[in-house]
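Open your viewer, load the model and keep the selection box handy. We will go from stop to stop, and at each one you will hear what to select and what is there.

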Amino acid sequence: MVANGDGSSNGGGVPSALFFPSVAAPIAYEGPKTKNPLAYRWYNKDEVILGKRMADWLKFSVCFWHTFRGAGLDPFGGQTLFRPWAVADDTSLPYDAILEACLRRVDAAFELFTKLGVDYYTFHDRDIAPELDSLEETNRLLDQVSDHMLEKQRQTGVKLLWGTANLFGAPKFANGAATNPDFAVFATAAAQVKKAIEITHKLSGQGYVFWGGREGYSSLLNTNVRAELDHMAAFFHMAVRHKQQIGATFPFYIEPKPREPTKHQYDYDAQTVLGFLHQYKLIDHFWLNIEPNHTTLAGHQYDHDICLASSYNKLGSIDCNTGDELLGWDTDQFLTDDRKATLAMLHVLRMGGLTHGGMNFDSKVRRESTDLEDIFIAHVGSMDAFAKGLRQAAYILESGRITGLLDARYKSWSVEPLAKKVEADQSSFEELEAYVLANKAAVSVSAKQELFERVFNDEIQDAIAAVAKQA
């Protein structure tokens, strides 16, 4: 049964009414001169950049939670976003009515995916189906809804980028899931993740994300930090074994965030997560899903965690949003700053692209943006920002000016034989002391930060001019 846009259903697998009738499908590329907010200026998905289609570099994905579950709530006001599908779940309804609402939401989602022209989507388990009175009934509902999602994937060609479990929303997870001091809650979380991994595998997901929103503390007085970290590591090891048991080969990702909703979150930033993975011998099984809004909440610049994760070949996927510098919380906004997009895409290009993951819009329209078309305008604008960033990053790499300046700054490490020994862990303090005694005293060398920034700005302007000329 398929839920139609008018609330009725049929068995034919195709909705008989549209949720977004005012938006043409698919949204077209019209080039840099267009003034149409529902057309792409910079994103031309089949255009080849550095040997790959733009679509393959960017691998855009729409998230289920903000896009189809966002109600515009904030601590000071109620719902402002009213949609032609169920944003919230009414689990007091009969089972068939709950199922119908879930299927209707899936139909709305796939209509939006196809009209945007994206190839991927992401979800939490509770985004697609609510928790019911028992684990058996909850899993039955997930099975039926995911059956419909699988059929929609076959019809449209849209694929699942990654799945995840919501281990932070239910009251039982107030004190954490994998780090909860109550073993019964820990076990409940494991059962939920087990099913979420299985649903991700069923839908041929390309990855699975762990985000520990409640895995942390609000006070150290009532927290055994070492025990909680040990328990979280045990949880992850069981997840690895279960994934192997069911024959799934997709990678696991951990998504760092420093705080919110907890005061301190254990997966604080990329460097913290990498240290945790090494400590608990999980490094071969996990990569990182980086959300730049989380990076800036940790006190780093926008692309810091992308840079760090990619430097160690551990960048798995990117939740490509941004925050507001004047607000101290996770605002999950659509990025429209192509300078930041360029910095992010430079790291992606240098590592040869995102092997499994993609660019997922973990982003939401503002609660004041109440029209349905605002969802499209927001995605199109941010997709264009990253497409423009891709073009500019490719131009910068091909130009070689930034790369040349960077190589020059570290030149001594490539020309000094003793430096090579240090990098190979074959030298000693005694040998370095002898080097200092035999050579002139070291002097400070300019870092040329202003030159790097000037060249970066010049390259962006030259890239824009080059694209405009082609158009």
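The tour below visits cavities, then cysteines, then a strand and its partners. Bear in mind throughout that this is a predicted model.

**Stop 1: the largest cavity**

How many cavities of 30 Å³ or more does the structure hold? There are four, and the largest has a volume of about 190 Å³. To find this largest cavity, select F210, G212, E215, M232 and F236, which are the closest to its centre among the 20 residues that line it. Next, colour β8 (208–210), α7 (225–245) and α8 (270–279): these elements each give two or more residues to the lining of the largest cavity. Helix α7 provides the largest share, with four residues. Now colour by residue class, and the lining of the largest cavity divides into 16 nonpolar, two polar and two charged residues.

**Stop 2: the second largest cavity**

Move on to the second largest cavity, with a volume of about 70 Å³. Select H66, T67, G70, L81, R83, F334, S363, K364, V365, I375 and H379 to show the residues that line it. Two elements, α2 (64–69) and α12 (372–399), give two or more residues each to this lining. By class, the lining of the second largest cavity has four nonpolar, five polar and two charged residues.

**Stop 3: two cysteines**

Select C63 and C320 and display the side chains. Why is there no bond between the sulfurs of C63 and C320? The two sulfurs are 9.8 Å apart, which is too far for a bond, and C320 holds the cysteine sulfur closest to that of C63. Seen from the other side, C320 is in no disulfide either, and its nearest cysteine sulfur is that of C63. A search of the whole structure finds zero disulfides. Is C63 buried or exposed? C63 is buried, with a relative accessible area of 0%, and C320 is buried too, also with a relative accessible area of 0%.

**Stop 4: strand β13 and its partners**

Now select residues 315–319, which form strand β13. Five of its five residues are buried, so β13 is largely enclosed by the rest of the structure. Add strand β12 (residues 286–290), which pairs with β13 in the parallel sense over three bridges. For a position to zoom in on, pick N289, which stands opposite S317 in β13. Then add strand β16 (residues 359–361), which runs parallel to β13 and is joined to it by two bridges. Finish at D319, whose bridge partner in β16 is N360.

Technical notes
Residues numbered from 1 in each chain as written. Predicted model: local features only at pLDDT ≥ 70, side-chain atom pairs only at ≥ 80, totals over all residues. Heavy atoms only, no water. 1 Å grid on protein atoms, 1.4 Å probe; cavity = no way out; pocket = protein on both sides within 12 Å on 5 of 7 lines; lining within 4 Å. Points joined across faces, edges and corners; volume = space filled by probe spheres on them. Nonpolar A, V, L, I, M, F, W, Y, C, P; charged D, E, K, R; others polar. Disulfide = S-S within 2.5 Å. Buried < 20%, exposed > 50% of the residue type's maximum accessible area, 1.4 Å probe, protein only. Pairing = 2+ DSSP bridges.
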